[in-house]
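Let's take a friendly walk through a protein model together. Have the sequence and the 3D view at hand, and look for each part as it comes up.

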Amino acid sequence: KNIEPTIVVSPLEGKVLDLKDVDDEVFSSGSVGKGIAVLPSKGEVRAPFNGKVLTVFPSKHAIGLVSDNGAEFLIHIGIDTVKLDGKYFTAMVKDGDVVKKGELLVQFDKEAAEAEGYDMTIAVLVTNTQEFLDVIPAKTGEIKEQETLFTIV
């Protein structure tokens with residue numbers, strides 16, 4: 001077991017929100033895992049650490065990753081965006097790809113999705129939270145890509 005704290009950088013630029021404020025019970029309840037939400041300022045999601053792509057959802061609105069030290073993540077772009085069935089989303093990676101921190105994972109047309117009424121809040125979740133002591137958010141307010149988003153201990 002890796003007991004070193006893991007720093008996770010923000011996979012996107014935007015405004016940090018508390019997970020409990022996300023307008024989706026699945027995420028706000030914490031049932032998927034602990035983490036944080038970010039209201040994106042642009043349509044790009046980048047790798048928050050060095051690791052591997054576990055799964056890119058067929059609709060490309062969500063991506064599962066595992067960090068080199070075993071933390072498993074779900075980055076979920078928008079609320080109910082599965083209904084778009086991939087429209088406005090372009091995945092730059094595929095299942096099994098090895099990714100480096102900062103590498104572009106998914107591009108999406110934020111404005112077009114919002115124009116159709118979608119909330120584009122992005123949830124960044126540690127899905128195997130129970131294997132760690134805690135997930136500690138680093139900051140609130142505006143965040144830039146590659147700034148520390150949270151620490152896993």
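A good place to start is a pair of charged side chains: Lys34 and Asp134 meet in a salt bridge, at 2.8 Å from N to O. The term salt bridge is used here for a side-chain nitrogen of Lys or Arg within 4 Å of a carboxyl oxygen of Asp or Glu. Because Lys34 sits in strand β3 and Asp134 in the loop between β11 and β12, the pair ties together parts that are 100 residues apart in sequence. Strands, like helices, are DSSP runs numbered from the N terminus (strands: E, at least two residues; helices: H or I, at least four residues).

Before going on, a word on what you are looking at: this is a predicted model, in which local features need pLDDT of at least 70 and side-chain atom pairs count only at pLDDT 80 or more, while totals for chains, interfaces and linings use all residues. Residues are numbered from 1 along each chain as its sequence is written, and side-chain values use heavy atoms, with hydrogens and water left out.

**Charged pairs**

How many salt bridges does a search of the whole structure find? The search finds 10 of them. Side chains of opposite charge can pair when their charged atoms come close. Here are three of these pairs, with the N to O distance for each.

| Salt bridge | N to O distance |
|---|---|
| Lys34 and Asp134 | 2.8 Å |
| Arg46 and Glu145 | 3.1 Å |
| Lys94 and Asp97 | 3.1 Å |

Are these residues buried or exposed? Buried means under 20% relative accessible area, exposed means over 50%, and partly exposed lies in between (1.4 Å probe, protein chains only). Lys34 is partly exposed at 38%, and Asp134 is partly exposed at 28%. In the pair of Lys94 and Asp97, Lys94 counts as exposed with 56% relative accessibility, whereas Asp97 is buried at 19%.

Salt bridges that share partners also join Lys42, Glu44, Arg46 and Glu145 into one network. Within this network, Glu145 forms a salt bridge with Arg46. Glu145 lies in the loop between β13 and β14 and Arg46 in strand β4 (residues 44-46), so this pair ties together parts that are 99 residues apart in sequence. Arg46 is buried, with a relative accessible area of 19%.

Glu44 belongs to strand β4 too, and at 17% relative accessibility Glu44 counts as buried. The side chains of Glu44 and Arg46 are joined by a polar contact of 3.1 Å. A polar contact is a pair of N or O atoms within 3.5 Å; within protein, one must be able to donate a hydrogen and the other to accept it, and residues adjacent in sequence count only if both atoms are side-chain atoms. Leaving aside neighbours within four places in sequence, Glu44 is in contact (heavy atoms within 4.5 Å) with several residues, including Pro11, Leu12, Phe108 and Glu145.

**The sheets**

Strands of a sheet pair through backbone hydrogen bonds, either parallel or antiparallel. In this model, eight strands form an open, antiparallel sheet in the order β9-β5-β6-β7-β11-β3-β2-β13. Two strands count as paired if DSSP finds at least two bridges between them. β9 (98-99) and β13 (141-143) stand at the edges with a single partner strand each, so one side of each is left without a neighbour in the sheet. Strand β3, residues 34-40, is joined to β11, residues 122-126, by five bridges, and Val38 stands opposite Ile122 in β11.

Another open sheet has three strands in the order β1-β14-β12, again with antiparallel pairing. Its edge strands are β1 (6-9) and β12 (135-137), each pairing on one side only. Four bridges join β1 to β14 (residues 148-152), where Phe150 stands opposite Val8.

**Aromatic rings**

Phe150 turns up again in an aromatic cluster with Phe49 and Phe73. Rings of Phe, Tyr and Trp (its six-membered ring) pair if their centres lie within 6.5 Å; planes under 30 degrees apart count as stacked, over 60 as edge-to-face and the rest as tilted. The structure holds three aromatic pairs. One of them is the stacked pair of Phe89 and Phe108, with 6.0 Å centre to centre and 25° between the planes. Phe89 lies in strand β8 and Phe108 in strand β10 (residues 104-108), 19 residues apart. Both Phe89 and Phe108 are buried.
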